[in-house]
Amino acid sequence: MLDTKWKGKSAVVLRHPLINPVAFGALLQYLYTGRLDVGVEHVGDCERLAKQCQLWDLLDDLEAKCEKVSEFVASKPGTCVKVLTIEPPPTHPRLREDMALLANCALPPELRQGDLGELPFPCPDNFNSCPDVCFRVADCSFLCHKAFFCGRSDYFRALLEDHFCESEEPGAPGAPTTVTLQGISPEVFTHVLFYVYSDHTELLPEAAYDVLRVADMYLLPGLKRLCGRSLAQTLDEDNVVSVWRMAKLFRLARLEDQCTEYMAKVIEKLVEREDFEEAVREEAAAVAARQETDSIPLVDDIRFHVASTVQTYSAIEEAQQRLRALEDLLVSIGLDC
């Protein structure tokens, strides 16, 4: 209908007497969220709409739910059920897969072949997702939907609703508005795209740094956390200090804690590294009006994790060795905390 009878219309009036507005609203709720809440008096109208729209999964769910409600009411005399609710199981991937499919349709053709997680979802031939904005990234055009980007990010809301930038270009009649994004590659924006639509993206550690930077710029805290999870898998003696610095810079508290926990495990090797010594010095200098014996947050966190590993008497000596290594470093650089 959106491609034929309703094509190009900004408003569609449904006058058929069998279309119940309440049922239609519940149907929209189901399409967007996978959940449906409707008064029992409107269930029949929802079933009629589900058949008309060929939503067979919803029709099956409605019939199954009605049967359960009938059994429940029969077993509990005097019980009155007023609202019927359908919601997907917590682990059910259907809605995420549907949204990932929509994101895949927004990709330019040249990026639909690859290994970026959800890309194996096919984009149906001749499927029109009715995009209303085109993001131009380098030489690639992403045909997207303002509702998703404005709903997920204050940055994009300002960009698209408040005309935050001067890169907006009027499109041809009937074509979506084009907005050019600077400072981002098509590959990185693909991760942003899938996160915005499906709340998930398969993120390889080597891409996490670049994605984290734009996630912070685009005000997408959930994507930042996904980057943090990816970076946490890469921790080793050589990069733990740099990852810790990045976690502090981008305010990723969980990743910062994971870094200090890892530091506690390898502290006897870290105290010999210049980057770790420099990090301790910087932390001490960052404490406002620090007195000679004031604590240093980085040192405190490492001490905490060293102590938390002690579960048996045999672990006490190992923990003491780690703490002595840390104390020796503090003495050598003239810090008392």
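## A one-turn salt bridge in α11

D257 and R254 sit three residues apart in helix α11 (residues 253-265), so about one helical turn separates them. In this predicted model, their side chains meet in a salt bridge, at 3.6 Å from N to O. The two ends differ in how much cover they get: D257 is partly exposed because its relative accessible area is 30%, while R254, at 55%, counts as exposed.

## Other salt bridges

The structure holds 18 salt bridges. One of them pairs E283 with K248, again at 3.6 Å from N to O. Here E283 comes from helix α13 (residues 274-286) and K248 from helix α10 (residues 240-249), so the contact ties together parts that are 35 residues apart in sequence. E283 has a relative accessibility of 9%, so it counts as buried; K248, at 35%, is partly exposed.

Then there's R35 with D37, whose side chains meet at 2.9 Å, N to O. Both residues have some access to the surface: R35 is partly exposed with a relative accessible area of 31%, and D37 is partly exposed too, with 28%. This pair doesn't stand alone, as R35, D37 and E87 are linked in a network of salt bridges.

## Aromatic rings

Searching the whole structure turns up 11 aromatic pairs. Take Y155 and F156: their rings are edge-to-face, with 5.5 Å centre to centre and 85 degrees between the planes. F156 has 0% relative accessibility, so it counts as buried. Y155 also pairs with Y218, and this time the arrangement is tilted, at 4.9 Å centre to centre with 45 degrees between the planes. That second pair links distant parts of the chain, 63 residues apart: Y155 is in helix α6 (residues 154-161), and Y218 is in the loop between α8 (205-217) and α9 (221-232). Like F156, Y218 is buried, with 0% relative accessibility.

Zoom out a little and Y155, F156 and Y218 turn out to belong to a cluster linked by ring pairs, which also takes in F135, F142, F148, F149, F189 and Y197. Another ring has a charge for company: the charged end of R152 sits over Y195, 4.7 Å from the ring centre.

## The β3-β4 hairpin

Strands β3 (residues 133-137) and β4 run antiparallel and are joined by five bridges. For V133, the bridge partner in β4 is C144. The two strands make a hairpin with two residues between them, and A138 in the turn has a positive phi of about 55 degrees.

So which side chains of β4 point to the buried face? Along this strand (residues 140-144) the side chains alternate, with C140, F142 and C144 pointing to one face and buried. S141 and L143 point to the other face and are not buried. F142 is also one of the rings in the aromatic cluster.

## A nonpolar patch on the surface

Over on the surface, L28, L31 and Y32 form a nonpolar patch, with about 300 Å² of accessible area together. L31 belongs to helix α1 (residues 21-33). With a relative accessibility of 42%, L31 counts as partly exposed.

Methods. Residues numbered from 1 in each chain as written. Predicted model: local features only at pLDDT ≥ 70, side-chain atom pairs only at ≥ 80, totals over all residues. Heavy atoms only, no water. Phe/Tyr/Trp six-rings, centres within 6.5 Å; stacked < 30°, edge-to-face > 60°. Buried < 20%, exposed > 50% of the residue type's maximum accessible area, 1.4 Å probe, protein only. Helix = DSSP H or I, 4+ residues; strand = E, 2+ residues; numbered from the N terminus. Lys NZ or Arg CZ within 6 Å of the ring centre and 35° of its normal. Pairing = 2+ DSSP bridges. Patch = residues over 30% accessible without salt bridge, like charges linked within 9 Å, V, L, I, M, F, W, Y side chains within 5 Å. Areas by Shrake-Rupley, 256 points an atom, 1.4 Å probe, with all protein chains shown as cover. Salt bridge = Lys/Arg side-chain N within 4 Å of Asp/Glu carboxyl O.
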